[in-house]
Structure formats: C-alpha cells, structure tokens
2 protein chains.
Amino acid sequence: MSVYVPPTVTVDGIIFQLISDKLHVLLLQRARDPFKGEWALPGGYNPRGETTRQALSRILKVKTGIDTDSQLEILEQLHTFDDVSRDPRGHAIAIAYLGLGYDIRLGGEETQNPTFFPVDNLPKLAYDHDEIIAYALKHLQTKVVQTNILYAMLPPSFTFTQLQMAYEAVLLRTLDKRNFRKRIMNLELIKETGQVEKQGAHRPAKLFAFVHTTPWEIEDTLS
Amino acid sequence: MSVYVPPTVTVDGIIFQLISDKLHVLLLQRARDPFKGEWALPGGYNPRGETTRQALSRILKVKTGIDTDSQLEILEQLHTFDDVSRDPRGHAIAIAYLGLGYDIRLGGEETQNPTFFPVDNLPKLAYDHDEIIAYALKHLQTKVVQTNILYAMLPPSFTFTQLQMAYEAVLLRTLDKRNFRKRIMNLELIKETGQVEKQGAHRPAKLFAFVHTTPWEIEDTLS
DNA sequence: ACAAAAGTGTTAAGAATACACCCATGT
DNA sequence: ACATGGGTGTATTCTTAACACTTTTGT
C-alpha cells in the first residue's frame, strides 16, 4: 500500500451544440506535446481533492471560456477510458463527460483556439479522442430517443420544425413530419407557448417549450 | 505538472447472480479498517500500468476466487464514483463494473467470507456501496428490457418459466405468462433446443437457448 | 399570383394488454 | 384421480408507418 502509485487521472468534455441545424462538437488545438497542434477534446488533469466534475468545470473555463453552470444545460458522466497506452506519456485514465447547451459562447484566457466542428466532418484527432466522440455520439442518440434530453440543446422556445431538425441532426437521418409531430405530441414532451415566430414570406410558426427542463425518461413497456 | 498528485484509483465489482430464482449480489466482509467487519463490494486498488478491468479481475480472483474470464459472462464498466469524501482515508475514485454469471463458484486464497445476498435484503454496507448497488441494479433493469443481457444470467438451456422468473427477479415484479411468451417469441430472443426437461409430477418443459450469446440491442423505434 | 415554410388526417399493420382454461406427467 | 407446473388464444386498444395536400404569410 505504501508503494501504491495510481495512474494519472484526467477528465475530458465532449461538448455538443447545434449550429445551423447541424450537430457540432467542441475541439481545441493542443498547445504542447504530445500531439502539439493537433485537435483534441478539452480536458486536463484531475488532482486529488477535486471531483471529476469540478476538474472539468475548471478546465473548460480556462481553456474554452465556458462557464459550465450557466452555459451547459447538461453535463453528465459518460464513461472512463483506461487503455494503458492511450497517452504516450504513460498510463492515464480519462473520465469523459457529455455536455450539452444551446448558446455556448467561447473564448478563454489561456485559449487554445476552441472551435465547434460538425460531427460528420471532424479533423484528425489526438489520443483516442475519435473513439471517445463516437461513444458519446452513440450515447446521445440513444438518450435523444429515450429521454427529453434535447431540452438541453434548444432555446427555451422553438418551432416544431426546429425541434425536428434537432432530432435529425443528432440521429443523422430524416424523420417523417406528420408522424414526428404526432409522436412528440402524445408523449407530452412539449407544450405551446402561445407565441408565434413571424419570419420570412410564409405562414408564421407556433412556438413551443419543453414541459420538463430537467432529465426525464420515456418509460419502457413490458406487461 | 511536476507536483500533480492524482486521487487514489480503485475498482469495484457489482456481481449479480440468480440463486433460487432471486437476484443476489456478491459482498465480502472487510478484513481491515476502515469499516472492518462490515460488508462491502469486492474491490481494491488500481495501480498504474493495469487497466481497470485487469485490476478488478486480479482482485476478484484473490478475494473471492472468481475467475472472471471463465465464470462471468459479462463484465462491463458502469460508472465512476468520485465523491471526494467517499473514502475516509482520503480522495479515492471507484470505477464500478457490472458482472453477471450463472454458476459462480466462490472461495479464494485470501478469502474474506464472500457471500451472495438477495438484493431485497442487504446488510448495512461500507462506503457508498449501497448507492453503487442501487445504481447497478437500475442499470441492469434497463438493460434487461432493452437487450438480451439475461443470457449472462441463465445456463445455456433453460425453460420458459425459468426465463420468466429471471426477468421477474431482476425487475422485482411479476409478468403475465402469456404476454411474456408472445413478446419474447416475436423478438426472436430465444430458440427451442429440441430437448425437454422432465422434472416432477407434471408436464415436461421444453428447453430453450438464447439466439445470441453476445450483447445485442432490441432496437428503438422512431419513424 | 407566386414562393416558401407551416400545418394537418386516414388507413393499415403491428404491438400491448387483459384475461382463464386445458395438457402431460408422476404418484 | 388428483396435484403440479407447462402450455395456449382472442378481443380490444394503442402505436407505428406510409403517404400529399391546404394554409398563411411576404413580396
């Protein structure tokens, strides 16, 4: 016990946001070796005394300017990646978090060029971050179908079309408009706000809001 | 970076098994302080150079006699628990694994009285292990409905009644026999083996086997 | 009047639920 | 013959899936 040496403990954030109706993920350019100049997920060391969430919050603030409390609607633990050789400097485990928001503003002090990339067109990535993003995306897709998690990626009010495009952006496929509306409506996932959005040379769109803006599960069946 | 001190890294196993048609979880009695004499999940330190899975495998072998490769059909990472105060000795994070098997034999070298307890009647537990078990159970319940994960908790062939009792044991509620059979059948989750089990003063039961004995997801809908 | 996006309904097939009796065997 | 668990069917309701036209507005 006295000679116990733990692996390095790191945290990484996979921060998703919709931009122009496409799903984007936040990356930054590494300032130092290893992988200097390459794109990577925001992350860093988790020292003793700090929870993983606290560590990630601190790191995101410094490296990207994101204030997790005010700008991320959801920040939930995803998975711990622990391949012994994932970091060339030596054994480091990474606790990955999924972060979602709808109007994330960037620009930190010690900023490392934080940039949102569309998930279907990512640059070459450092470490095993391609795997981590793939894992996070799959998780997000599952959650989108089974929960109200999309509240975290849309503004407080939105049109039905915006909602559908959000689903499509996350699922990376198209949905039938009429069936989609019926389904969402009888899940009682959203409600009308009474407002409309007039925009452009066409019929104005009703504005909706999520009924619940905290995590909520669509229940499973089984007699 | 040179003064970076990581938290202690530990791993814990939540090993479930069905015994007499009830869901049980493996606990052992702590040999040392803290919590000496109390019941706890099997677990221990994860040193640098060992993956979490390797560490847990090693620890389970020593403390419970379980050979993870041959006795656990599933051993999958669950969640990382990282409250700063969860260990009275100082900041220690625990990577928890869910383990499932159907004929787990106990008895290690340095054994600490490993015992399967029914999940609805657990003793007082050390650390935050009650929370961890609750988390694992909820996860298992979700998986049971959405995947074929129960293959890991049943022998290679079994009767339909055994299968239903397994579902009921995990979900902690009863299911309708006819509807259950219909549902399982048209999911094509299991197939007849052609064998029957003659046992007791009643009609013999057909024996079934899972179609897939590797993880498999029941797909979600969404037009 | 036209362009542009919003909004809406029906039918058919499949899945979920509620519910009770007959079947094959051992003693 | 009886006790024991194995095995089966139907009617109803709800959900899913496929599919195309009308409405409201700005220019």
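**Exercise 1. The interface of chain A and chain B**

Task: In this predicted model, find how much area is buried between chain A and chain B, and what share carbon and sulfur atoms give.

Solution.
- Step 1. Start with the area. About 3700 Å² is buried between the two chains.
- Step 2. Split it by atom. Carbon and sulfur atoms give 56% of that area.
- Step 3. Count the residues in contact. Chain A brings 42 residues, and chain B brings 42 residues.

**Exercise 2. Bridges and polar contacts**

Task: State how many salt bridges the rule finds across the interface of chain A and chain B, and how many residue pairs are in polar contact.

Solution.
- Step 1. Look for salt bridges, with a cut-off of 4 Å between the side-chain nitrogen and the carboxyl oxygen. The rule finds zero across this interface.
- Step 2. Look for polar contacts, with N or O atoms within 3.5 Å. The rule finds 17 residue pairs, both residues at pLDDT 80 or more.
- Step 3. See which elements of chain A take part. Strands S1 (8-19), S5 (74-81) and S6 (92-100) each supply at least two residues to the side that touches chain B. So do helices H1 (52-64), H3 (129-146), H4 (160-171) and H5 (177-187).
- Step 4. Sort the residues on that side of chain A. They are 18 nonpolar, 15 polar and nine charged.

**Exercise 3. Two helices of chain B**

Task: Describe how H3 and H4 of chain B cross, and which residues make the contact.

Solution.
- Step 1. Take the axes of H3 (residues 129-146) and H4 (residues 160-171). They come within 9 Å and cross at roughly 145°.
- Step 2. Give the handedness. H3(B) passes H4(B) in a left-handed crossing.
- Step 3. Name the residues. H3(B) uses Leu137(B), Leu140(B), Gln141(B), Val144(B) and Val145(B). H4(B) uses Tyr167(B), Val170(B) and Leu171(B).
- Step 4. Sort them. Seven are nonpolar, one is polar and none is charged.

**Exercise 4. The ends of H5(B)**

Task: Say which atoms approach each other at the start of H5 of chain B, and what phi Glu188(B) takes just after H5(B).

Solution.
- Step 1. Go to the start of H5 (residues 177-187). A side-chain oxygen of Asp176(B) reaches to within 3.1 Å of the backbone nitrogen of Arg178(B).
- Step 2. Go just past the helix. Glu188(B) takes a positive phi of about 55°.

**Exercise 5. Backbone in the loops**

Task: Locate Pro34(A) and name the residue joined to Pro34(A) by a cis peptide bond.

Solution.
- Step 1. Pro34(A) sits in the loop between S2 (22-29) and S3 (39-40) of chain A.
- Step 2. The cis bond joins Asp33(A) to Pro34(A), with omega about -5°.
- Step 3. Turn to chain B. A cis bond joins Asp33(B) and Pro34(B), with omega about -5°.

Methods: Residues are numbered from 1 along each chain as its sequence is written. Chains are lettered from A and ligands numbered from 1 in the order in which they are written. This is a predicted model: local features need pLDDT of at least 70, side-chain atom pairs count only at pLDDT 80 or more; totals for chains, interfaces and linings use all residues. Side-chain values use heavy atoms; hydrogens and water are left out. Axes are lines fitted to C-alpha atoms, for helices over the stretch in contact, and angles run from 0 to 180 degrees between N-to-C directions. Helices (H or I, at least four residues) and strands (E, at least two) are DSSP runs, numbered from the N terminus. A crossing is left-handed if the near helix is turned anticlockwise from the far one by less than a right angle, and right-handed if clockwise. Contact means heavy atoms within 4.5 Å. Ala, Val, Leu, Ile, Met, Phe, Trp, Tyr, Cys and Pro count as nonpolar, Asp, Glu, Lys and Arg as charged, and the others, Gly among them, as polar. Buried area is the accessible area (1.4 Å probe) that two parts lose on being put together, summed over both. A polar contact is a pair of N or O atoms within 3.5 Å; within protein, one must be able to donate a hydrogen and the other to accept it, and residues adjacent in sequence count only if both atoms are side-chain atoms.
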